[in-house]
Amino acid sequence: MILILTALELEGDAVRAHLSGLTRHHHPAGSVFEVGHLTARPDCSVALGVIGMGTVNAAAVTERAIAEFRPDAVVFVGIAGGLRDWIRLGDVVVATRVYAYQGGRIDGEEFGARPRASETAHRLVELARQAGRSGAWPGAANSTATIHFEPVAAGEVVLNSSTAPENDRLRKHYNDAVAVETESSGVALAAHLNDSTPTIVVRGISDRADGTKEVTDSGGWQPVAVATAAAFAVGLCAVIAEAYRNTARPQEIERVVPGPVTVTGGNAVGSVYATGSVRISQRVVTKAQRHPVVAIAIVTVLLSLLGWGGYGIGKVVLGGGTSAWAAVVSEAMKPASSGKETLATGTGTACGVRADRTVLCWGDGGKERVQPEGRFAAVAVGDKAACGLREDQTVLCWNTNSSAQEVPSPEGRFQAITDQCGIRVGGEIACWVGKVTPPPGRYKAISLGRGDLCAVRDDGVVNCWGLDLGEAAVPPQGKFTAVSRGSRHACALREDRAVVCWGSDDEGQSSVPAGTYTAVSVGEEHSCALRADSALVCWGRDKGGQITPPPGSFTALAAGARAEYSCAVRSDGTAQCWGRDGRFTAPPGKFAAGR
């Protein structure tokens, strides 16, 4: 998802002209945003917010929007005053740097500037240059506007004077800024405070900031500048979406640990410090999750060869006795959390979240099912309906057999879902279909059976309730991270990565092979799990090959929903299904590797 922000309604209207499927999104604190997608690119989900004028207001609302939507990028678009004669009215300035130009100290008659600057994310600037060179934005072929890549200054004052002190200050201390406005530094600060969310500013030049604003406004330059800036920003969003779709974006792993520690960054290894608590930060690509054992081995060997450690060889010791490689690769071995899977199986339909975050559903023999619009983070499938957890944490449900038959979708934001119930962002369980009444409490994982539910509380305890618990009524004791509910049995993943099953065992579906696992999924009368070495293991009733998984390395196991087959995502991103005598063949293409 891309977050598009404007300060004025005029600017918001110009952006809306390029969007479709907009629905209101109400923040709990009162702010109202809109969620939809680019008209020219339906797979590019966007959230739009009109945040108001001023750097303080911009910072507050932008921070709220980023925390709410967790966007891939933020694009701030609007109008500005030009500071250079060679910048024409109607041109567009893409900010390579944003200055907060009013900060300083006054001693007597002397003003001492205290500059603060925010650099624009390099990747976004490069993508904006690409969009500018290729004319990849609506109306580019007929536009006379020039796209400039220069610094921009922002403060709390609407500058419309050639003699004001602010004008002298800009010339003296910020003489490379080519435009001035009143919000961008606040937006940049909010992005910085949210894990440096990639942010870019696009400004259309509507006046000269020299006392002639009334003349240029009456000449109609404001709507011209707004329309051009909005069109370029929307084209840039499409370019960003395409780039992120085709590029494996690294994930940030951070752990705060007491020293002595090793600090790592990028793909390189840094220095060893002797004392103090520091933040270990390493960017790792998805292959670390797809090959966790290999990742552990590589990191261990590297550390050993480099001879790092507390005056020892082969091990970097963190405070408390934790080894450095464990901190670095802990995400690669992160266990699954049920209700957040990117692949799911139902009795007659399977759905998966593809690498571009769209959802693809298919049936027996590869038959195409109803496909939802939008970008998703997780998916769940039942007997006739499926639900997807959108990137903005809202839920969309649909009938997998007929788009004409409506299926109710819940309101609010969720962190994990089934096709009938989910866990809200606050941890409470809510159901929008069926007669199951969940108990109070905070939960972190959920799975739906035939009219009943099992869920993992925040403290790791498994609870089950509903209409048809049968032999699986009493879950085992212990601390768990994930649970999967079938027809007459259930399985859960313990914190020590052992799988425990309970309930009916007449087909051996509850007799778990010994091993260490990272995910578990229960079918009709069989069970499957993903081992720590990325191999699949299945047990229980063998009716059509469902306990004979394919060999190879896998990264994600589909959520089961009482089906007689299973699916998983391979390390290369392709999906594979087994069972049902091989009739349930996954379509080609790359799927997301989330668990």
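**Cores, strands and a helix face in a predicted model**

Colleague: With which residues is V94 in contact, leaving aside its neighbours within four places in sequence?

Modeller: In this predicted model, V94 also belongs to the residues with the most contacts inside the largest nonpolar core. Leaving aside neighbours within four places in sequence, the contacts of V94 are A128, I147, H148, F149, E150, I200, V201 and F232.

Colleague: Which helix gives the largest share of this core?

Modeller: The largest nonpolar core has 41 residues, and I2, I4, V75, V94, V202, F232 and I240 have the most contacts inside it. Of this core, 15 residues come from one helix, residues 221-246, and this largest share belongs to α7.

Colleague: How many residues are in the other core that lies apart from it?

Modeller: Among the residues of this other core are I51, V93, V152 and V187. The core that lies apart has 28 residues.

Colleague: Is H37 buried or exposed?

Modeller: H37 is placed in strand β3, residues 32-38. Not counting residues up to four places away in sequence, H37 touches H18, L19, S20, G21, P42, C44, S45, V46 and E373. A residue under 20% relative accessible area is called buried. The relative accessibility of H37 is 14%, so H37 counts as buried.

Colleague: Which residue in β3 is the bridge partner of H25?

Modeller: Strand β2, residues 19-26, pairs with β3 in the antiparallel sense over six bridges. Their hairpin has five residues between the strands, and G30 there takes a positive phi near 115 degrees. In β3, H25 has as its bridge partner F33.

Colleague: Why do the buried residues of α1 line one face of the helix?

Modeller: Helix α1 covers residues 9-16, and its buried residues are E11, G12, A14 and V15. Seen down the axis of α1, these buried residues line one face because they fall within an arc of 160 degrees.

Colleague: Which strands stand at the edges of the open sheet that three strands form in the order β23-β24-β25?

Modeller: The pairing in this sheet is antiparallel. An edge strand has a single partner strand, so one side of it is left without a neighbour in the sheet. The strands in that position are β23 (414-417) and β25 (429-431).

Colleague: Which residue in β25 is the bridge partner of C421?

Modeller: In the open sheet, the twist averages 30 degrees from one strand to the next. Strand β24, residues 421-424, runs antiparallel to β25, and three bridges join them. In β25, the bridge partner of C421 is C431.

Note on methods. Residues numbered from 1 in each chain as written. Predicted model: local features only at pLDDT ≥ 70, side-chain atom pairs only at ≥ 80, totals over all residues. Heavy atoms only, no water. Buried < 20%, exposed > 50% of the residue type's maximum accessible area, 1.4 Å probe, protein only. Helix = DSSP H or I, 4+ residues; strand = E, 2+ residues; numbered from the N terminus. Arc of directions from axis to C-beta. Pairing = 2+ DSSP bridges. Axes fitted to C-alpha atoms, helices over the stretch in contact; angles between N-to-C directions. Contact = heavy atoms within 4.5 Å. Core = buried A, V, L, I, M, F, W, Y, C linked by side-chain atoms within 4.5 Å.
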